[in-house]
Structures are given as C-alpha cells and as structure tokens.
Amino acid sequence: MLAELARRGFSTVPEPGRRIVTEELRCNGNALPWTDMATFARRAIAMALADRLAAESRKALVFFDRGLVDAAVALEHATGERTVMPLGTAHRYNANVFLAPPWSEIHVHDAERRLEFTEAVAEYARLERAYRALGYTMHLLSRVDVEARADFVLATLGAAPPVAM
C-alpha cells in the first residue's frame, strides 16, 4: 500500500525493520529479529526516531510503514523493558493509525520476513493493544486490493493528492 500512496504522489517512509534486515544480511550482521531481537529492535527504534525527525520538516502528509511504536513493542516483548509508553508518548504520529490485520492468504516469507503466521497474529495483538493504550484512533484495513486500501486511507484522512511542484 505504501508503494501505491507513493505512486499517487505522497511522501512515504519504508519499514525500518526491512531496511535493517537488508543491511544486516548484506554485511553478515547479527541485528536480525531471528538472531538478536533486542539489538534489532533497538536499531529499529533509532531508525524510526530519525525517520520521524526527518519527516517533521515536510509540510504534507507522510505515510510510514511501521515505525517507533512497532519497534518499541518488539523491544518490550523481547526484553520486558518498558519502552512503549515512554517513547510512544514523547514521539507522537498522526492520531490516525491504519492497521492491516494478519491475512493468511497473502502472508508470505521472504529474505527479510521470516515470521510465521501465528507469530504475526500475536505481534498484531501486541501492536493493537499498544496503539490503543497510546490513544490512537485505529482504522482496520479491509481485505481488499491495494488501490481500495489506499482509497480508504485517503478518504478517512480527507487527503487530496499532493500538488505537483
């Protein structure tokens, strides 16, 4: 869906986790969710904070594929270290969060994502609880095609396509 929003002219920020995994696989690193979740999550937190800071200078909507709350939830789950509320309270995103519930028909493994479907379901439940506890308005994305999902997101936000410069 992020690619569809970018195609429509919106600024997007790719998922920190995939960027970290790609880099770690390239250099034979260990900050991988299946090797060292705590180190991976700490790197994802640092990257999400940097992404958020960089996005603050943009005047228009910026869409993030995952972010700080997701990384904090991963760290808290891996270590028990209480990070979600302090980080999630100090560094807010737009009040609207769009969650894609796990969808077994499209759940696939690839080089960067090795999460089993049952793990994805458990992770989703943790994210849902965290976003709710942080006071975000959650919108669940339907099991429809990418274009329809993007239409729903933009209609919910009342967002018009950006003006070309």
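This is a short dialogue about reading the features of a predicted model.

Reader: Let's start with the overview. How many helices and strands are there in the protein?

Author: The program that assigned them gives seven helices and four strands. Reading along the sequence, you meet them in the pattern α-β-α-α-β-α-α-β-α-β-α. Keep in mind that we're looking at a predicted model.

Reader: What does the radius of gyration say about the protein?

Author: The idea is to set the value beside what a compact globule with that number of residues would have. For 165 residues that would be near 15 Å, and the protein has 16 Å, which agrees. You can also picture a box: along the principal axes, the C-alpha atoms fill roughly 45 × 35 × 35 Å.

Reader: What share of the residues counts as buried?

Author: Of the 165 residues, 36% count as buried. Another way to look at the fold is through contacts between residues at least 6 apart in sequence: 68% of those join residues at least 24 apart.

Reader: Now the helices. At what angle do H3 and H4 pack?

Author: For a pair of helices, look at the angle between them and the distance between their axes. Helix H3 covers residues 37–55 and helix H4 covers residues 68–79; they pack at about 160°, with the axes 8 Å apart. Angles over 145 degrees count as roughly antiparallel, so H3 is roughly antiparallel to H4. Their crossing is left-handed.

Reader: Which residues make the contact between H3 and H4?

Author: From H3 come Met37, Ala38, Ala41, Arg42, Ala44, Ile45, Ala48 and Leu49. H4 brings Leu68, Ala71, Ala72, Ala74, Leu75, Ala78 and Thr79. Sorted by class, this contact of H3 with H4 has 13 nonpolar residues, one polar and one charged.

Reader: And at what angle do H4 and H6 cross?

Author: Helix H6 spans residues 117–133, and its axis crosses that of H4 at roughly 115°, coming within 10 Å. This crossing is right-handed. On the H4 side, the contact uses Val69, Asp70, Val73 and His77, and on the H6 side Arg126, Leu127, Ala130 and Tyr131. By class, the contact of H4 with H6 divides into five nonpolar, one polar and two charged residues.

Reader: Let's zoom in on single residues. Is alanine 55 buried or exposed?

Author: For this you check the relative accessible area, where under 20% means buried. Alanine 55 has 10%, so it is buried. You'll find alanine 55 in helix H3. Leaving out residues up to four places away in sequence, alanine 55 touches Val62 and Phe64. Its C-alpha atom is 9.2 Å from that of threonine 12, a residue 43 places away along the chain.

Reader: What about methionine 138: buried or exposed?

Author: Methionine 138 has 18% relative accessibility and counts as buried. Its place is in strand S4, residues 137–140. Beyond residues up to four places away in sequence, methionine 138 touches Val97, Leu99, Glu128, Tyr131 and Arg132. For a sequence separation of 21 residues, take phenylalanine 117: the C-alpha atoms of methionine 138 and phenylalanine 117 are separated by 22 Å.

Reader: Where is alanine 125, and how is it placed?

Author: Alanine 125 is in helix H6. With a relative accessible area of 27%, alanine 125 is partly exposed. Its C-alpha atom and that of proline 101, 24 residues apart along the chain, are separated by 9.0 Å.

Reader: One last feature: how do I read the sign of phi?

Author: Most residues other than glycine have a negative phi. That gives you something to look for: a positive value outside glycine.

Reader: Where is asparagine 28 found, and what is its phi near?

Author: Asparagine 28 is in the loop between helix H2 (16–26) and H3. Its phi is near 55°, a positive value in a residue that isn't glycine. At 69% relative accessibility, asparagine 28 counts as exposed.

Reader: And what is the phi of arginine 66?

Author: Arginine 66 has a positive phi of about 65°, although it is not a glycine. Look for arginine 66 in the loop between strand S2 (62–64) and H4. With a relative accessible area of 28%, arginine 66 is partly exposed.

Terms used:
Residues are numbered from 1 along each chain as its sequence is written. This is a predicted model: local features need pLDDT of at least 70, side-chain atom pairs count only at pLDDT 80 or more; totals for chains, interfaces and linings use all residues. Side-chain values use heavy atoms; hydrogens and water are left out. Axes are lines fitted to C-alpha atoms, for helices over the stretch in contact, and angles run from 0 to 180 degrees between N-to-C directions. Helices (H or I, at least four residues) and strands (E, at least two) are DSSP runs, numbered from the N terminus. Angles under 35 degrees count as roughly parallel, over 145 as roughly antiparallel, 65 to 115 as roughly perpendicular and the rest as oblique. A crossing is left-handed if the near helix is turned anticlockwise from the far one by less than a right angle, and right-handed if clockwise. Contact means heavy atoms within 4.5 Å. Ala, Val, Leu, Ile, Met, Phe, Trp, Tyr, Cys and Pro count as nonpolar, Asp, Glu, Lys and Arg as charged, and the others, Gly among them, as polar. The radius of gyration is taken over C-alpha atoms; the globule rule is 2.2 Å times the number of residues to the power 0.38. Buried means under 20% relative accessible area, exposed over 50%, partly exposed in between (1.4 Å probe, protein chains only).
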